[in-house]
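Biologist: Could we walk through this structure together, one step at a time? I would like to learn how its sheets, helices and cores fit together.

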Amino acid sequence: MIRILLLSKNVLSEQELLQKLQRLNFEVFTSSSTLHSLIAGDPGADLADYFSVVILSETISCREVQTVLPRLVKEGRLIFRKADRSFVEEEKSILSQEQITDWMYSEASTEEIRELIASPFYTMGAENPITHTFTQDQFSKVDNKQMENVLASLSASEFKIFQKLKQERGRTVAREELCQLLWAESTQSRMVQLSSLIKNMRVKFKANDIDGEIIQTVWRKGYILKQ
């Protein structure tokens, strides 16, 4: 299955495109936090490497696109820039056409999107998702396919948790900080929800023969990604 990362500053504004992509049975993850990590040059942004197709929303300025493109370009990956039809020619004069696979019109139909993504994807023989080789100790013994399967099974909230823990690897991330990240509040009920999400993540790791305790609990403090 083709896995798509849709980067946007406003996730809610992407609902129409998201529905079209899901109708085509593409596996889509929409994220603003990954975009911000890419712009800031944070290490947590390398989770983008698990997606074989990246779509850059029109909510991202050309200057910001120029900033993130070097971190996204990779052999076998397709990168599409979503834009209004009337602005495409102007953008082509600004952005590197060698780094962008093609432009996706904001008003494109489901059929147009299907052909835009599927045709070059299979033509270039990239039927397998792009993998990322971890160099950090905590992932040195984890098979790339195993990690891909785990990430594909994570919910949006679970993915945010994993992204944050990986970004802060080596540092305990407080439960309150994770609650703020997910729900913009830190209450007892949110703490319970967080514990449930962590438990689900460990089950998913274990189901793929990865040590479920890769996410360790630091008593009365929070969680840390095992070194």
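Modeller: Happy to! Before we start, one definition helps: two strands pair if DSSP finds at least two bridges between them. Please also keep in mind that this is a predicted model.

Biologist: Then how many bridges pair strand β1 with β2?

Modeller: Strand β1 covers residues 3-7, and its pairing with β2 runs in the parallel sense. One of the residue pairs is I4 with its bridge partner V28 in β2. The number of bridges between the two strands is 5.

Biologist: Which strands stand at the edges of that open parallel sheet?

Modeller: The sheet has 5 strands, ordered β2-β1-β3-β4-β5. An edge strand pairs on one side only. Reading the order from end to end, we arrive at β2 (27-31) and β5 (102-105).

Biologist: Which helix packs on this sheet, touching β1, β3 and β4?

Modeller: Let's look for a helix that touches β1, β3 (53-56) and β4 (78-83). Its direction makes about 165 degrees with that of β3. The helix, residues 62-72, is α3.

Biologist: Now the other sheet: why do β6 and β7 each have one side without a neighbour?

Modeller: This open sheet of 3 strands is antiparallel, in the order β6-β8-β7. β6 (173-174) and β7 (215-218) are at its edges, so each is left with a single partner strand. β6, for instance, is joined by 2 bridges to β8, where V173 has as its bridge partner Y223.

Biologist: And which helix packs on that sheet?

Modeller: We want a helix in touch with β6, β7 and β8. It spans residues 156-167, and its direction is at about 70 degrees to that of β8. That is helix α7.

Biologist: Which helix gives the largest share of the largest nonpolar core?

Modeller: That core has 46 residues, and L7, L56, L72, F162 and I215 have the most contacts inside it. A share of 6 residues comes from one helix, residues 188-207. This largest contributor is α9.

Biologist: Are α8 and α9 roughly parallel or roughly perpendicular?

Modeller: Helix α8 (residues 175-183) packs against α9 with the axes 10 Å apart, at an angle of about 90 degrees. Angles of 65 to 115 degrees count as roughly perpendicular. Therefore α8 is, relative to α9, roughly perpendicular.

Biologist: How many nonpolar residues does their contact have?

Modeller: Among the residues making the contact are L178 and W183 of α8 and M191 and L197 of α9. By class, the contact has 1 polar and 3 charged residues, while the nonpolar ones number 7.

Methods: Residues are numbered from 1 along each chain as its sequence is written. This is a predicted model: local features need pLDDT of at least 70, side-chain atom pairs count only at pLDDT 80 or more; totals for chains, interfaces and linings use all residues. Side-chain values use heavy atoms; hydrogens and water are left out. Helices (H or I, at least four residues) and strands (E, at least two) are DSSP runs, numbered from the N terminus. Contact means heavy atoms within 4.5 Å. Axes are lines fitted to C-alpha atoms, for helices over the stretch in contact, and angles run from 0 to 180 degrees between N-to-C directions. A nonpolar core is a set of buried Ala, Val, Leu, Ile, Met, Phe, Trp, Tyr and Cys residues joined through side-chain atoms within 4.5 Å. Buried means under 20% relative accessible area, exposed over 50%, partly exposed in between (1.4 Å probe, protein chains only). Angles under 35 degrees count as roughly parallel, over 145 as roughly antiparallel, 65 to 115 as roughly perpendicular and the rest as oblique. Ala, Val, Leu, Ile, Met, Phe, Trp, Tyr, Cys and Pro count as nonpolar, Asp, Glu, Lys and Arg as charged, and the others, Gly among them, as polar.
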